Amino acid sequence: MRLVLFEPAAGREPVPGLLTERGVVSVAEAVRAGHTPQATMQGLIDDFDRLRPALERVARSGPARPLDEVRLRAPLPRPGKILACIANYWEHGALEPRALNMFLKNPDAVIGPGDTIVLPEMTEPWIFMHEAELALVIKGPAKHVRPADWQRAVFGYTGMIDVSARGEGRRTWKAGSWLGKSFDTFAPIGPCIATLDEIANPNDVHVQFWVDGQLRHNYNTDDMEHLVPALVEFASGIMTLNSGDIIACGTNHEGLGPLQDGEVVDFEIHGIGRMRLDVRDPLKRTWEKGIYMGADSTNPEAVRRNRPGAR
């Protein structure tokens, strides 16, 4: 199943639904409403096994609305925690994996399909970049999960764009704090939550990202340095993971590029879905369009051009 939050009418509180071949089907009457849309989705995750037969019936026969006639929202509008991997993909001929590491990203930065990424009115960051990532949606509480048991802690999957402010080169602003990942609107999530059974292997999923129609990220998750079971083990060994928390799995940096005012971005993870967002910059800054090709780029062409001795 693919679970969504959508507005039943313009400006109305989002309600849970299913994204089906027939369109979007509301499951609001089958799901206990929480005090917030996030709480509703967390309750759905916790009660999913009990609710599944009823949800399947609604998916088959409930009234459906065409996708282009509804407004999807972020399927998890305010996760308790967003853990994001640092890098975690093999790049420019590395022979040994880097140590697994993560940072916490601000849950208030979440936006959803059709929303706008707003670049902050600060002049200190040098550039703003996109990082398109597969994200794990947690079913908790989960603590000290062994790699062989990773599926008991993962409810499903969604997509996240880890929008990032950069200092000089590719270094995340501010150095040492990772605050450059947590500006408002810097965590677009969606378009849905695909349940665990929708994807046979999370380390065989294709991720694509376009800016004004130009393909930038274009990679498969089989290229992670540390695979999904290891991510769950690592995170749950540090902290208790709760339902509705997110682990973003990192990105292949060879597709990085700038985001700037007036652009339209499209993000697709095969098996999950596609969403579109706008970009707005009150300061109207500009950078060279395209995949980042600076001296510390990991793009193969940039490596050859800037580091001719590198392999």
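The exchange below goes through a predicted model of one protein chain and asks how its descriptions are justified.

Me: How do you know that the protein chain agrees with a compact globule?
Reply: A compact globule of 311 residues would have a radius of gyration near 19 Å, and the protein chain has 19 Å, so the value agrees with that expectation. Along the principal axes, the C-alpha atoms fill a box of roughly 60 × 45 × 30 Å. Of the 311 residues, 54% count as buried, and the accessible surface comes to about 13600 Å², with 50% of it belonging to carbon and sulfur atoms.

Me: What is the chain built from, and what share of its contacts join residues at least 24 apart?
Reply: The protein chain has 4 helices and 19 strands. Among contacts between residues at least 6 apart in sequence, 74% join residues at least 24 apart.

Me: How far apart are the mean positions of the positive and negative charges?
Reply: The chain carries 35 positive and 41 negative charges, and their mean positions are 2 Å apart.

Me: Why is helix H1 called largely enclosed?
Reply: Helix H1 covers residues 37-46, and 7 of its 10 residues are buried, so the helix is largely enclosed by the rest of the structure. The buried residues are Pro 37, Gln 38, Thr 40, Met 41, Gly 43, Leu 44 and Ile 45. These residues pack against strand S1 (2-7), strand S2 (15-20), helix H2 (48-61), S11, strand S12 (154-161) and strand S14 (187-195).

Me: Why is Leu 76 called buried, and where does this residue lie?
Reply: Buried means under 20% relative accessible area, and Leu 76 has 0%, so Leu 76 is buried. Leu 76 is found in the loop between S5 and strand S6 (82-85). Leaving aside neighbours within four places in sequence, Leu 76 is in contact with Gln 38, Met 41 and Ile 45, and also with Val 110, Val 137, Ile 189, Ile 193, Gly 244 and Ile 246. Gln 38, Met 41 and Ile 45 are among the buried residues of H1. Another of those buried residues is Thr 40, whose C-alpha atom is 9.5 Å from that of Leu 76, although the two residues are 36 apart in sequence.

Me: Which residues touch the most other members of the largest nonpolar core, and which strand gives this core its largest share?
Reply: The core has 89 residues, of which Leu 55 and Phe 186 touch the most other members. Its largest share, 6 residues, comes from strand S11 (residues 132-138).

Me: Is Val 70 buried or exposed, and why?
Reply: With the cut-off for buried at under 20%, the 13% relative accessibility of Val 70 means that this residue counts as buried. Val 70 lies in the loop between strand S4 (64-65) and strand S5 (71-73). Beyond its neighbours within four places in sequence, Val 70 is in contact with Phe 6, Val 24 and Arg 65. The C-alpha atoms of Val 70 and Gly 23 are separated by 9.5 Å, while the two residues are 47 apart along the chain.

Me: Why is Gln 260 counted as buried, and what does this residue touch?
Reply: Gln 260 has a relative accessible area of 5% and is therefore buried. This residue is in the loop between strand S17 (246-248) and strand S18 (264-269). Not counting residues up to four places away in sequence, Gln 260 touches Leu 119, Val 279, Arg 285, Thr 286, Trp 287, Glu 288 and Lys 289.

Me: What makes the backbone at Asn 88 and at Asp 212 worth a remark?
Reply: Asn 88 has a positive phi of about 80° although it is not a glycine, and Asp 212, likewise not a glycine, has a positive phi of about 50°. Asn 88 is in the loop between S6 and strand S7 (102-105), whereas Asp 212 lies in the loop between strand S15 (206-211) and strand S16 (214-220). At 1% relative accessibility Asn 88 counts as buried; Asp 212, at 46%, counts as partly exposed, because that term covers values from the 20% cut-off up to 50%.

Me: Which peptide bonds are cis?
Reply: The bond from Gly 140 to Pro 141 is cis, with omega near 0°, and Pro 141 is found in the loop between S11 and S12. The bond from Trp 173 to Lys 174 is also cis, with omega near -20°, and Lys 174 is in the loop between strand S13 (164-166) and S14.

Methods: Residues are numbered from 1 along each chain as its sequence is written. This is a predicted model: local features need pLDDT of at least 70, side-chain atom pairs count only at pLDDT 80 or more; totals for chains, interfaces and linings use all residues. Side-chain values use heavy atoms; hydrogens and water are left out. Helices (H or I, at least four residues) and strands (E, at least two) are DSSP runs, numbered from the N terminus. The radius of gyration is taken over C-alpha atoms; the globule rule is 2.2 Å times the number of residues to the power 0.38. Buried means under 20% relative accessible area, exposed over 50%, partly exposed in between (1.4 Å probe, protein chains only). Contact means heavy atoms within 4.5 Å. Accessible areas come from the Shrake-Rupley method with a 1.4 Å probe; for residues, only the protein chains shown count as cover. Lys and Arg count as positive and Asp and Glu as negative; His and the chain ends are not counted. The place of a charge is taken as NZ of Lys, CZ of Arg, CG of Asp or CD of Glu. A nonpolar core is a set of buried Ala, Val, Leu, Ile, Met, Phe, Trp, Tyr and Cys residues joined through side-chain atoms within 4.5 Å.
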